[in-house]
Number of protein chains: 2
Amino acid sequence: MSLQKLIGSLQKHIALSAQEQELLSDFLVFKIIKKRQFLLHEGQIAREVAFVVSGCLRSYSIDQNGFEHILQFAPTGWWITDMYSFISQQQTHLTIDALMDTEVYLLSRENQLILFDKIPKLERYFRIVTENSLVGSRQRLIDNLSLTASQRYGIFCNTYPTLIHDIPQKLIAAYIGVTPEFLSKLKNGGAKTKKS
Amino acid sequence: MSLQKLIGSLQKHIALSAQEQELLSDFLVFKIIKKRQFLLHEGQIAREVAFVVSGCLRSYSIDQNGFEHILQFAPTGWWITDMYSFISQQQTHLTIDALMDTEVYLLSRENQLILFDKIPKLERYFRIVTENSLVGSRQRLIDNLSLTASQRYGIFCNTYPTLIHDIPQKLIAAYIGVTPEFLSKLKNGGAKTKKS
DNA sequence: CCCATTTCTTAACCTGGGTTATTGTAAATG
DNA sequence: CATTTACAATAACCCAGGTTAAGAAATGGG
């Protein structure tokens, strides 16, 4: 059963008894999000965090000029939500949708907090996951401040090797922070435009 | 006593008994870092996380060209470390130093993990602090991807109102991601360079 | 109080990446 | 299988922000 993917992720950091696993599963909702469907829309409240069993989600914001900026891709084994909206229960400025048909387990903030009291090990697990997310987010900030677009493209290829050939390259551009035109120039033109 | 500042921060999220406060304080080390002195140097391991009681620290990375990029300022009431090195105990790529004489409490990762077992509420506190840091980091990423330098300067002024007049403006430039020359142009020149 | 160092400003010129537009092509959709 | 719709490539031109340089102002240590 697909719940095993989630349990597997938990067991990397904590040990859960059979009863605890059962209890946890009572608080989860399984859902299929079809390609191009939304899990979260700007203006809504992120009531749940999602664990991706298969497929891939993305979170992004849309700026004043209508450009999308991708914060995170979530392939198999990743958690995704808008953390701001999830912890404050205020309206989100992000959108989350599916790049392909995707299976997820949803855990509401409400249930998460209940579980933290019933199974303190779960609070540990999420503490660790959040620490790791913070490391990733800070690293990406540094990369954006110190690297060129071409170097960031290289890092993307290492970080999400499975995605490169599976998603449109305009999404890669929206992640590394350039226009699709410029990414195309990078990959093909490479460097030179000047004479010989 | 200055420990009260830390306890005050804890009490915003959790309730600690007198004994628990005592136990916690046994694991903390008080330290004064004088202006321009280092708390962490590239290549070292971040054994501790620091809580700033007074003064201000900063964390930054240095890129291939020798330019500094500031990840975080930590005035009174903020926690700071290199989360990557702190959780993995691998060598850091960041540097942390003091912008002015600064008082901190240090908590080692080792002691932090011991405390998480002895006082689960502390794990909750750090789970919450880390969630909030993640929100801040993600927001800053969005800002860097979607806003102009001028808009980012405005946000800096709102985020760290106390710092604007207390730190050299080259540091503000290193935070918002522009050169000191360009920030100067922004503040004074404003817009025009072309003819009337 | 003075000299040295660091910081700030200004200005001329440069470039990485953006904008706009066109054309070709591959998927969805009917 | 025709037709919309979305994606990628290319190219000419543009601009926010970087680079270099050099003088003015602030800071700081002896």
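**Entry 1: strand C**

Which residues are closest to DNA strand C, and how many surround it? I counted 17 residues around DNA strand C, and the closest are Thr179(A), Gln169(B), Lys170(B), Ser184(B) and Asn188(B). A reminder to myself before going on: this is a predicted model.

Next I looked at which part of the DNA faces the protein. Of the atoms of DNA strand C within 4 Å of the protein, 74% belong to sugar or phosphate, and the rest belong to bases.

I then checked some polar contacts to phosphate oxygens of DNA strand C. Lys170(B) puts a polar side-chain atom 2.7 Å from one. For Ser184(B), an N or O atom in the side chain is 3.2 Å from a phosphate oxygen. Thr179(A) uses its backbone instead, with an N or O atom 3.2 Å from a phosphate oxygen of the strand.

Which elements give two or more residues to this surface? I found helix 6 (149–159) and helix 8 of chain A, plus helix 7 (169–176) and helix 8 of chain B. Helix 8 of chain A gives the most to the surface near DNA strand C, with 3 residues. I sorted the surface near DNA strand C by class and got 5 nonpolar, 6 polar and 6 charged residues.

**Entry 2: strand D**

On to the other strand. Here 16 residues surround DNA strand D, and the closest are Gln169(A), Lys170(A), Asn188(A), Ala149(B) and Lys185(B). Sugar or phosphate accounts for 70% of the atoms of DNA strand D within 4 Å of the protein, with bases making up the rest.

What does the side chain of Lys185(B) reach on DNA strand D? I see an N or O atom of that side chain 3.2 Å from a base oxygen. Two other side chains go to phosphate oxygens of DNA strand D: Ser184(A) has an N or O atom 3.3 Å from one, and Lys35(B) has a polar atom 3.4 Å from one.

I noted the helices too. Helix 7 (169–176) and helix 8 (180–187) of chain A, with helix 6 (149–159) and helix 8 (180–187) of chain B, each supply at least two residues of the surface near DNA strand D. Helix 8 of chain B gives the most, with 3 residues. By class, I have 4 nonpolar, 6 polar and 6 charged residues near DNA strand D.

**Entry 3: how the chains relate**

I superposed chain B on chain A: a rotation of 180° with 0.0 Å of shift along its axis does it, at an RMSD of 0.0 Å. That is the relation of a two-fold axis. The same surface serves both copies, as 100% of the contact residues of chain B recur in chain A.

**Entry 4: two helix pairs**

How do helix 7 and helix 8 of chain B cross? Their axes come within 8 Å and cross at roughly 100°, so helix 7 and helix 8 of chain B are roughly perpendicular to each other. On the helix 7 side of chain B I listed Gln169(B), Lys170(B), Ile172(B), Ala173(B) and Ile176(B), which meet Pro180(B), Leu183(B), Ser184(B) and Lys187(B) in helix 8. The residues of this contact divide into 5 nonpolar, 2 polar and 2 charged.

In chain A, I looked at helix 4 (residues 109–118) and helix 5 (residues 120–146), whose axes come within 5 Å and cross at roughly 120°. That makes helix 4 of chain A oblique to helix 5 of chain A. Among the residues meeting there are Leu115(A) and Phe116(A) from helix 4, and Leu122(A) and Phe126(A) from helix 5. The contact of these two helices of chain A has 5 nonpolar, 1 polar and 3 charged residues.

Note on methods: Residues numbered from 1 in each chain as written. Chains lettered and ligands numbered in written order. Predicted model: local features only at pLDDT ≥ 70, side-chain atom pairs only at ≥ 80, totals over all residues. Heavy atoms only, no water. Near = heavy atom within 4 Å. Polar contact = N/O pair within 3.5 Å; in protein donor to acceptor, adjacent residues only side chain to side chain. Helix = DSSP H or I, 4+ residues; strand = E, 2+ residues; numbered from the N terminus. Nonpolar A, V, L, I, M, F, W, Y, C, P; charged D, E, K, R; others polar. Axes fitted to C-alpha atoms, helices over the stretch in contact; angles between N-to-C directions. Parallel < 35°, antiparallel > 145°, perpendicular 65-115°, else oblique. Contact = heavy atoms within 4.5 Å. Least-squares fit on C-alpha atoms with pLDDT ≥ 70 in both.
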